[in-house]
Amino acid sequence: MTERTIAVNYLARVEGEGALRVRIHDRTVEEVELKIFEPPRFFEAFLRGRSYREAPDITARICGICPVAYQMSSCNAMEQALGISVTGAVRELRRLLYCGEWIESHALHIYLLHAPDFLGYPDAIALAKDHPEAVKQGLALKKVGNALMTLLGGREIHPVNVRIGGFYRCPSREELEAIRPDLVHALELAETTARFVAGLTFPKIEEDYEFVSLRHPDEYPLADGEIVSNRGLRIPPSKYDETFEEIHAPYSNALQSVRKGGGSYLTGPMARYALNRDRLSARARKIAEEVGLEPIVTNPYRSIIVRAVETVFACEEALRIIDAYRPPAAPFVPPPDRLGPATGYGVSEAPRGILYHRYRLDAQGLIQDAKIVAPTSQNQKRIEDDLRSLVTRSLDLDEAALTNMCERAIRNYDPCISCATHFLDLDLVRD
Amino acid sequence: MAAGAGTPSPHGAGPRPLVIGLGSRGRHDDALGLDAVDRLEPRLQGAGEVARCSSEGTELLDLWDGRPRVVVVDAVRSGAVPGTIFRLAVDDLPVPPPFRSSSTHGISIADVVALARSLDRLPRTLVIYGIEGERFEPGIGLSARISPAVDRVVEEILEEIAGDSRDDARSPEARSHA
């Protein structure tokens, strides 16, 4: 009888840190435990008793990579609770801000975190020595995303210009037009990126996913929409809690999201693309066709191409919004004079998947209860399912190779563990 | 937020020094770099500028573009006594271990320096201050014994910027304990 445990104590190139433990007993994978995400419980507690107005800025601190997502989901939830709706140019500016975050986050993941896996480098630094142009391209693309976030968010990290109902101040046409040439360049870089990543070599693996994403009647989803899946789900954000639940895994204290009465699901670029390919902008759809991206991607390694196609979309969408922009009469929709106790539900598409917020407010607009479910938390069980099938098929590999394979598999999902703890500690037990 | 890169110095000697605070405000001592620049900013009086970075490390490359003199302050977790101050003048040496476990996400300050070096994007003078943090779990506010170390680093940076001619080639050293 042999028992084998794989332990990765530091997972490189995933945001922040986490830990992976795999236990193999008599050639059977008995346990796969991934601790990459610590739900934002502290922030849920910290929000209690605070004004609804504070939620966007407080929750933006949860993640250094996707602060816009936290702002948008909290705004959506609060606006629903207050009974206001954001439309027209203000809503378009929100989409524009979100494009900045997608460009920044996808460029970072594609070039600096994910590409080294495919090209046989331990990290982006080694990659930069042999392929400085590729890394420079990634950084240039990322910089344009940051510039867009700075322009609309007040500053690139933890944008501060967002408020419930819209923005504190809206940009002038000239301010937006000033960034146009950079976005035109970014669009070209994003197309070059799609061609580059489509030429990589991918392990031949197909998984059977339940994909969950937002869907909008005529847009590729960013800041809002209904929640849909490829297995017939179609609900408004207010039905999230009736549809999904967080369960305790028997071997772990961590909570994992599942479909109620079902299993794991996947949110993020592969899900968005599978469910919204018909809503992609023209050049994004064209590049997807040109590089031979299948309509539904079920090989998680090919998510890198989906991210590139989404980056093309984000650049193109940003340009569309800038070109059509007329400053709104007011930068925000004011809250109603009288508040009543209410509950609001908000979902938006963070670069790595749907981010759910729910707030219960009292008649003074103070937060009584908050619930935040981040995309990585939702994907955690799905990542473990992947690892289980991967390790089961690869039991004869040595420790180092198996560890490396597990780390790669995790990086396919661009987990954001910076939203969680900073330090990832693999634990591989074979007995 | 960074002031415009390369803002000319009033003294006419090219862009002013830039001090970048790294960290996250939602994780206790991880915020110490941000707190350091908060404390430093009102005291600079035109002698330098500050920037804050709560994202991942490669952000630094854009922040310090066009800046010949840069100081970075970040939390580190090396196992030293909390409050221990590390100072590193980056030359051609690899960045040593305490800075490899620094708080920035995904890509550490050590990785950023190595990346900047291969892309020829290192500032001419780059000094990194690391302060050993105590608590990194979610929460607001610095640990009691971290705050005095932050004050000390602020004083050192002020001296640094005032043109104190330090030996920029020395290796990192633990300087003082809180």
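Me: Helices here are DSSP runs of H or I with at least four residues, and strands are E runs of at least two. With that in hand, how many helices and strands does chain B have?

Reply: Chain B has 4 helices and 6 strands. Along the sequence they come in the pattern β-α-β-α-β-β-α-β-α-β. Keep in mind that this is a predicted model.

Me: And how many helices and strands are there in chain A?

Reply: Chain A has 14 helices and 16 strands.

Me: What share of each chain counts as buried?

Reply: In chain A, 55% of the 431 residues count as buried. For chain B, the figure is 54% of 178 residues. A residue gets that label if 20 or more other C-beta atoms lie within 10 Å of its own.

Me: Let's try that on one residue. Why is A:A128 called buried?

Reply: There are 25 other C-beta atoms within 10 Å of A:A128. The cut-off is 20 or more, so A:A128 counts as buried. You'll find A:A128 in helix α5 of chain A, residues 124-130.

Me: Which residues does A:A128 touch, leaving out those up to four places away in sequence?

Reply: A:A128 touches A:V135 in chain A, and B:L115, B:S118 and B:L119 over in chain B.

Me: What makes α3(A) largely enclosed?

Reply: Look at its residues: 16 of the 16 are buried, so the rest of the structure largely encloses α3(A).

Me: How do you know what length to expect for α3(A), and what does it reach?

Reply: The expected span is 1.5 Å times one less than the number of residues. Helix α3 of chain A, residues 67-82, has 16 residues, for which 22 Å is expected, and it reaches 22 Å from first C-alpha to last, a close match. Right after α3(A) comes A:G83, with a positive phi near 75°.

Me: What about α6(A): what span should it have, and how far apart are its end C-alpha atoms?

Reply: Helix α6 of chain A, residues 132-153, has 22 residues, so at 1.5 Å a residue it should span 32 Å; the end C-alpha atoms are 30 Å apart, which agrees. The residue that follows α6(A) is A:G154, whose phi is positive too, near 95°.

Me: Now for pairs of helices. What describes two packed helices?

Reply: The angle between their axes and the distance between the axes.

Me: Then why is α10(A) called roughly perpendicular to α12(A)?

Reply: The axes of helix α10 (residues 269-276) and helix α12 (residues 303-324) of chain A cross at roughly 65° and come within 9 Å. Angles of 65 to 115 degrees count as roughly perpendicular, so that is what α10(A) is to α12(A). The crossing is left-handed.

Me: Which residues of α10(A) and α12(A) meet?

Reply: From α10(A) there are A:P269, A:M270 and A:Y273, and from α12(A) there are A:S303, A:V306, A:R307, A:V309 and A:E310. They divide into 5 nonpolar, 1 polar and 2 charged.

Me: Is A:Y273, in that contact, buried or exposed?

Reply: A:Y273 has 28 C-beta neighbours inside 10 Å, so with a cut-off of 20 or more it counts as buried. Leaving out residues up to four places away in sequence, A:Y273 touches A:V297, A:V306 and A:V309.

Me: Over in chain B, why is α1(B) called oblique to α4(B)?

Reply: Helix α1 (residues 32-44) and helix α4 (residues 147-161) of chain B pack at about 50°, with axes 9 Å apart. That angle is not under 35, over 145 or within 65 to 115 degrees, so α1(B) is oblique to α4(B). Their crossing is right-handed. By class, their contact has 8 nonpolar, no polar and 4 charged residues.

Me: Where does B:D120 lie, and what is its phi?

Reply: B:D120 lies in the loop between α3 (109-118) and β5 (125-132) of chain B. Its phi is near 60°, a positive value in a residue other than glycine.

Me: Why does B:D120 count as exposed?

Reply: B:D120 has 7 C-beta neighbours inside 10 Å, and 12 or fewer makes a residue exposed, so B:D120 counts as exposed.

Me: A:D414 also has a positive phi. Is A:D414 buried or exposed?

Reply: A:D414 has 28 other C-beta atoms within 10 Å, so it counts as buried. Its phi is near 50°, and its place is the loop between α14 (399-411) and β15 (416-417) of chain A.

Conventions:
Residues numbered from 1 in each chain as written. Chains lettered and ligands numbered in written order. Predicted model: local features only at pLDDT ≥ 70, side-chain atom pairs only at ≥ 80, totals over all residues. Axes fitted to C-alpha atoms, helices over the stretch in contact; angles between N-to-C directions. Left-handed = near helix turned anticlockwise from the far one by under 90°. Contact = placed C-beta atoms within 7 Å. Nonpolar A, V, L, I, M, F, W, Y, C, P; charged D, E, K, R; others polar.
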